[in-house]
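Explain how this structure is held together. Take the salt bridges, the strands, the disulfide and the cores in turn.

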Amino acid sequence: MSQRLSPTFLLRLLVPMLGLWPALALGQTVRVSKTSQTADETTIQAAIASLAPGGSRDDGNVNNNVVQIEDGEVYREALRVDGFGITIEGTGPTRPRIITSSAQAAANPNGFAVRVDTDQAVTLRRLVFLPDANDPPFGGFTFDEFTDSAGRGYTVTFEDVLVAGNAGNDQPCSTDGRTPPPAGTVRYQADVLDFNSTPTNSNSRVVLRRTILTGASGGTGALVRVFTDNGTAEIGEGCVFSWSNGGGVLFSAANNMIVEWLGTAAAPILVHGCNSYGIRNNTASARAFDRFEHVAVTRNALTSDVPGVLDSYTGTALQRWRNVTVASNATQSGTFPASGPLDFSSRISMVNCIVAGDGGEGPRTARNLIVMRTGAQLTVDGTCIDLSHGGTSLNVAWQRAAAQAITGIDGGSAVQQGVGLTGLSPQFRTFDPADPGFLVVGNPAFQKLGPNRTPLTGAGRIEPFPFTPINTLTGDLQAYLEGVPIPVAASTDKFRQPTADELLVFRSAVDDIIRGRFQAAANKAGLVNYDLIVYRDTPRSRDVAVLRERENANTAWGGVYAFALAPQRKLVTESPHPLFDGTRVQAIDLFFRTASMAFMQSGTHRNNSPELSPCDGTQSSGEPYRLSDMAHNSESFFQAAHEQLHRHHTDTISLSVHGMAATSDPSDLVMSNGTSASTSNPSLSRSVAQRMNQILTAQSDSRYAVSHQEPGESPALSGSTNTQGRYVNGSHRPCTLSASALFPERFLHMEQAPSVRNGPPSLWDFVVTTYNDLIAEFPAVSPAPPEGGNLLASFPLDGDLTPETGQDPGDPIGAVNPAADRFGRPAMALRLDNAGYATIPEFPYMGPDYEFSLSFWFRATSTGTGFQYMVSHGSIGANGEVTLPHSLHIYLVGDTGQVRSRFTLGNGRRWNFDGPLGLGDGAWHFFALTMSATQGAAIYIDGQPVGTDASHRLASFEPEGTIFLGARSDLLPARFMAHPGGQPAFLDGFALHDAALTAGQVLALFQEAPPVTRRDAWQVQ
């Protein structure tokens, strides 16, 4: 044996002879260095054997002896640690490799390469363990005594350890766990790390940090197996468990076990490429998997029917998942009769997670994506759940009677609280965990989450968001907004144009605020250096959500955005040039004194950026506008917030507040609608100027206002190149495409002389009074939908059948429960399970000119080859015939998801009127049918016409009997909208008119503002 003995080690040999050993026995250090390839290769074990027990256990985890392996040579060792605490660590510039063989391991029971029988702490650090390519041992590490005779547990710690298959020549098959092992890799055959405590009530602890186990389980064993009752396990940052022919990480206990997976954004935990499960729990534990943070579980369960993540707890465990990806854990056999890639029985709270199905490596067969077993609960927020490959489903009906509440996903596929459901498989940016895009789902085909098909994070990109807390402040909000700093033109804090991804994230954050999803908004805002603040404005008893750019962001993107949680007036006050135009104080004052629903203020001087804007228009100097000019930049946060507000609130007015030089116009205030068009017709811009002049004249004030819409007025200062105005006026390219005036106007451009904007607020009292007089307030409830003829029946289906208009039909029948609606509001729609349906008493809905319109929202998953009836009015023949006179049936056709409307007139004439395919996709859709005596029939899906038939006109059509929603009128089980044993279905907002709605009226129904337009609706959830 060649061994360099340290002075400490020599002292250890001398002190017993001096009678001083007990006083120095608390720890020794032995350094090992291999100096010759031909030397005796038992150097590490000899150093371990030379150490004495670690001494007192007063701290419960003595770990005082250290074996330091100083260089990166190859050692052939079978290690055994028995009876005392020890740290074995590599200290050289490269980690030493320890090669273990079956012959060397024979001294250890069960043929493990490393055996630890000790009741004190053990740490392994900066080491590489490989199986001998010619004679591999059975298993890797076995820890058989987690406790001492008193039942006290101890801690096993792995830090910066690589345990890998041998690729030949004593080389690891992968050094980072991300590269697949080459063919012929030699592996440990059983469990690689086996922690097995005795006695069972051990309170022991396992800690793994920056530990890689890869290509190292050749049989049915796991990479990691932990058995410790009442113990804990911590899987820390940078751990990788990959490329196992067996399982990944397995936990087993008869009693409590707490497991924490604590990765970081910079060093996530990866579990991938295991042919069996990725993570599995076989315990009756009441606590386990306490936290999952920054974990990716992908491409596991490739050759077995065990899920990628399997939790079979029988207790009441609570798992808190944040920034977790469970994706593409797909079996090649495709059996999965009841299980799914994610199968659990405990309570799971998911925040900013991705759960997705087959990424392409397995067959596209029907199976469940998620299975919730007895006692399971699921809460989700900011999460993408992908239902892939036509047949993969979110199974919450399995043991449904025993399963508990589901929050965020209603019935398996609803959209609520920032949950995105996709109907097609996402393409993961890469399957290489070393790639920065490993945790990113690229280009998923989102179903619409709301009006305008707004996706969860914008334009088909989802990635986990770091958690960002919502700040809460109390005080004078007006003073707070006036104190938000803005970089000046000469500042070194130059404006930076946001990237496309940053714009999408910011737009989505604004969308979340409008919908009341504040935590999701805070998470997304944090990615672009914004904070979300819920501000209690005590002087006005008003709550406001404020998006504010962080002061150290150094981007000058566009400042501060405030959203009243109880919006009063349909007005958005916008200040794109708060410094240059000197309108900052005035614009903030207008926001408060008009009770505007929102306020937008640029966070930069309009000339802060040296770069020129590509958008139309020039300054008075003749120079193009700068990128930092928020009124002339269509790719800014300011523009994104403006557009998002108008997408949700189609009848609001945006007021763009500006200042002009005293000599720019003879008047004191110039109004326009963002164009230079004049009109003699009613115009809001004209009305504003006229009302201002009435007030000023009554006060004997010599100031006066003009409107560019007034015939004969100069077109100067009309704001015709303002990108916010162009957008509202219908330009789809507001940067370079001008727009014509729209009436009624929804954009007001206000230029003011110093005589109006400078000085005390009393100078602009007439401005405040004018807008309070002319801009409408939100009603206490949502406005009624636009009417064509008479609205005969309107049933919101807000969890029941209480009508807004029409007869009260009572309660739904069968398996019907309240459900979340398309806006994610709980208990605001109807969920139909199996035999559930609703009925409405008969009433005539044919108009005097043989016209009517019918509309409703639906969500269903196509089932089998049968028919799923959504509306049925009229008799059914004895043989199931649906062609009896005076009948109308609207249903989904089998697995094609086509919507069919079947008519039979009083004269026996009948026809099928078919809509598009693919509407049984588990997403919300809006259906409208209009019938006109002159124009014939038309079908609209999501506000767009998809079919017209002028040859079919009504002259004899009076259906009789009860109207059925969610079932055929004969109640045939196979014709229910939610088939027995199939996925649930959902209905919302059923309405009947006695005239044919126009295309514009149908579109308005589809785009009807979400309920946040109600004054009491924006509440912190």
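D543 is partly exposed, because its relative accessible area of 29% falls between the 20% and 50% limits. This is a predicted model. The side chain of D543 meets that of R536 in a salt bridge, at 2.9 Å from N to O. R536 has a relative accessibility of 36%, so R536 also counts as partly exposed.

Compare the salt bridge between R496 and E502, where the N to O distance is 3.3 Å. Here the two ends fall into separate classes. R496 is partly exposed, at 34% relative accessible area. E502 is buried, at 18%.

R76 and D170 make another salt bridge, with the closest N and O atoms 2.8 Å apart. This pair connects distant parts of the chain. R76 sits in strand β3, residues 74–76. D170 lies in the loop between β10 (155–164) and β11 (193–201). The two are 94 residues apart. Are R76 and D170 buried or partly exposed? R76 is partly exposed, with a relative accessible area of 25%. D170 has 16% relative accessibility, so D170 counts as buried.

Some salt bridges join up into a network. One such network links E89, R125, E159, R205, R209 and E234. The count for the structure comes to 34 salt bridges.

Now turn to the strands, starting with β45. All six of its six residues are buried, so β45 is largely enclosed by the rest of the structure. In a regular strand, side chains alternate between the two faces of the sheet. In β45, F747, H749 and E751 point one way. L748, M750 and Q752 point the other way. Both sets are buried, including the charged residue E751.

Which strands pair with β45? Strand β42, residues 653–659, runs parallel to β45 and is joined to it by six bridges. Within that pairing, H658 stands opposite E751. Strand β43 runs antiparallel to β45, with four bridges between them. Two residues of β43 show the register. M671 stands opposite M750, and the bridge partner of L669 is Q752.

Strand β43 covers residues 669–672. L669 and M671 point one way, V670 and S672 the other. All of these residues are buried. β43 also pairs with β44, residues 705–707. These two strands run parallel, and three bridges join them. M671 has S707 as its bridge partner in β44. M671 thus has a partner in β44 and stands opposite M750 in β45. Between β43 and β44 the chain passes through helix α10, residues 684–698. The resulting β-α-β crossover is right-handed.

Next comes the covalent link. How many disulfides does a search of the whole structure find? It finds one. A disulfide is a covalent bond between the sulfur atoms of two cysteines. Here C615 is joined to C735, with 2.2 Å from S to S. The torsion about the S-S bond of C615 and C735 is about -110°, so the disulfide is left-handed. C615 lies in the loop between β41 (596–601) and α9 (637–648). C735 lies in the loop between α11 (723–728) and β45 (747–752). The pair therefore ties together parts that are 120 residues apart in sequence. Both C615 and C735 are buried. Two other cysteines can be placed by accessibility. C173 is buried, at 9% relative accessible area. C274 is buried as well, at 0%.

The nonpolar cores complete the packing picture. The largest has 71 residues. Which of its members touch the most others? They are F129, F143, F158, V224, F241, W261 and W321. Take F129 as an example. Leaving out residues up to four places away in sequence, F129 touches L79, I98, V114, L124, F141, V161, L162, V163, A164 and Y188. A second, separate core holds 43 residues. Among them are F852, F903, L905 and F913.

Finish with a loop. P973 is found between β58 (963–965) and β59 (985–993). P973 has a relative accessible area of 47%, so P973 is partly exposed. Its C-alpha is 8.2 Å from that of N834, although the two residues are 139 apart in sequence.

Definitions and conventions: Residues are numbered from 1 along each chain as its sequence is written. This is a predicted model: local features need pLDDT of at least 70, side-chain atom pairs count only at pLDDT 80 or more; totals for chains, interfaces and linings use all residues. Side-chain values use heavy atoms; hydrogens and water are left out. A nonpolar core is a set of buried Ala, Val, Leu, Ile, Met, Phe, Trp, Tyr and Cys residues joined through side-chain atoms within 4.5 Å. Buried means under 20% relative accessible area, exposed over 50%, partly exposed in between (1.4 Å probe, protein chains only). Contact means heavy atoms within 4.5 Å. A disulfide is a pair of cysteine sulfur atoms within 2.5 Å. A salt bridge is a side-chain nitrogen of Lys or Arg within 4 Å of a carboxyl oxygen of Asp or Glu. Two strands pair if DSSP finds at least two bridges between them. A crossover is right-handed if, with the strands pointing away from the viewer, the path from the first strand over the helix to the second runs clockwise.
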